[in-house]
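Here are my comments on the model you sent round, set out point by point so that each can be checked against the coordinates.

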Amino acid sequence: MKDQVSSEEREALLIKLWMSHDARWFAAVAMEFGMEVANRLNQTAIHEAAKREAPRLVRTLQMSPVKNRDDFLAAQDAFIGFLGPDLLDFDVEAVGEDSYDLRMNRCFAFDQVTKVGVAQQYDCGILPRVTGWIEGLGLEYELSPPIGPCLMAAGKECVYRLTVKPSAAVA
């Protein structure tokens with residue numbers, strides 16, 4: 001039976017299963033313990049998972065070491081392309097030597113929490129993954145604004161400025 005499913009179909013199904021699990025886990029925690037706890041645990045879990053995920057992806061994708069903003073932007077693009085390119089529509093604009101603006105045009109998390117009617121209580125679960133990737137690759141960063149309630153749900157433009165500090169090996 002496995003041979004009857006193409007690699008593309010298998011990949012699409014695995015992403016849908018992963019997203020379905022994620023949504024149901026979040027909903028279960030929110031129903032049992034409230035949105036505040038669900039948001040905090042969601043952010044912690046995804047940030048910590050991303051710290052492990054990033055080095056694994058770099059090895060699997062046979063990427064060069066990530067040492068600065070430009071390396072990280074290439075890694076971020078590769079990671080999103082590998083994990084679910086259709087989940088987000090975003091733009092990146094380099095700012096200065098070590099910063100960039102990440103602008104979300106469409107976000108699957110916002111779409112889903114809007115569908116279930118909890119967008120106004122939802123705290124961003126996307127940026128903790130990005131910051132986890134940065135930390136997992138041994139880099140330091142600054143982020144503005146701080147991660148908090150979903151900007152799209154608040155009717156604001158979803159734009160974050162990240163400053164990725166070069167690793168000590170480069171400095």
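The points below go from the sheet to the helices that pack on it, then to the helix pairs and to two single residues.

1. The structure is a predicted model, and the remarks that follow should be read with that in mind. Its sheet is open and is formed by four strands in the order β1-β2-β4-β3, with antiparallel pairing. The edge positions are taken by β1 and β3, each of which pairs on one side only, and the twist from one strand to the next averages 25°.

2. Within that sheet, β1 (residues 88-95) and β2 (residues 99-107) are antiparallel and are paired over eight bridges. Two of the pairings can serve as checks on the register: Phe90 has Met104 of β2 as its bridge partner, and Glu93 stands opposite Asp101 of β2. The two strands form a hairpin with three residues between them, and in the turn Gly96 has a positive phi of about 65°.

3. On its other pairing, β2 is joined by six bridges to β4 (residues 158-165), and these two strands also run antiparallel. Here the register can be read from Ser99, which stands opposite Thr163 in β4.

4. Which strands does α3 touch where it packs on the sheet? They are β1, β2 and β4, and the direction of α3 makes about 175° with that of β1. Helix α4 (residues 108-115), for its part, lies across β1 and β2 and runs at about 40° to β2.

5. Gln76 gives a residue-level view of the packing around α3, the helix in which this residue lies. Is Gln76 buried or exposed? Its relative accessibility is 2%, and Gln76 therefore counts as buried, the cut-off for that class being under 20%. Apart from neighbours within four places in sequence, Gln76 is in contact with Phe90, Val92, Tyr100, Leu102, Val130 and Trp133. Of these contacts, Phe90 is also the residue whose bridge partner in β2 is Met104, while Val130 and Trp133 are listed among the buried residues of α5.

6. Helix α5 deserves a paragraph of its own, being mostly covered, with eight of its ten residues buried. The buried residues are Leu127, Pro128, Arg129, Val130, Thr131, Gly132, Trp133 and Ile134, so that a charged side chain, that of Arg129, is included in the list. These buried residues pack against α1, α2, α3 (69-83), β2, β3 (140-144) and β4. Just after the helix, Gly138 takes a positive phi of about 80°.

7. The packing of α5 (residues 127-136) on α2 (residues 35-60) has an angle of about 40°, with the axes 7 Å apart. The two helices are therefore oblique to each other, and their crossing is right-handed. On the α2 side the contact is made by Gln43, Ile46, His47, Ala50, Lys51, Glu53, Ala54 and Pro55, and on the α5 side by Pro128, Arg129, Thr131, Gly132, Trp133, Glu135 and Gly136. By class, these residues divide into six nonpolar, five polar and four charged.

8. The pair formed by α1 (residues 7-33) and α2 has axes that come within 7 Å and cross at roughly 140°. That angle makes α1 oblique to α2, and the crossing is again right-handed. In α1 the residues involved are Asp22, Trp25, Phe26, Val29, Ala30 and Phe33, which meet Met35, Val37, Ala38, Asn39, Leu41 and Asn42 in α2. The contact has nine nonpolar, two polar and one charged residues.

9. The last point concerns Met63, which lies in the loop between α2 and α3. With a relative accessibility of 22%, Met63 counts as partly exposed, and the limit below which a residue is called buried is 20%. Setting aside neighbours within four places in sequence, Met63 is in contact with Val58, Ala74, Ala75, Ala78 and Phe79. For one of these, Ala75, the separation from Met63 is twelve residues in sequence and 7.8 Å in space, taken from C-alpha to C-alpha.

Key: Residues numbered from 1 in each chain as written. Predicted model: local features only at pLDDT ≥ 70, side-chain atom pairs only at ≥ 80, totals over all residues. Heavy atoms only, no water. Axes fitted to C-alpha atoms, helices over the stretch in contact; angles between N-to-C directions. Parallel < 35°, antiparallel > 145°, perpendicular 65-115°, else oblique. Left-handed = near helix turned anticlockwise from the far one by under 90°. Contact = heavy atoms within 4.5 Å. Pairing = 2+ DSSP bridges. Buried < 20%, exposed > 50% of the residue type's maximum accessible area, 1.4 Å probe, protein only.
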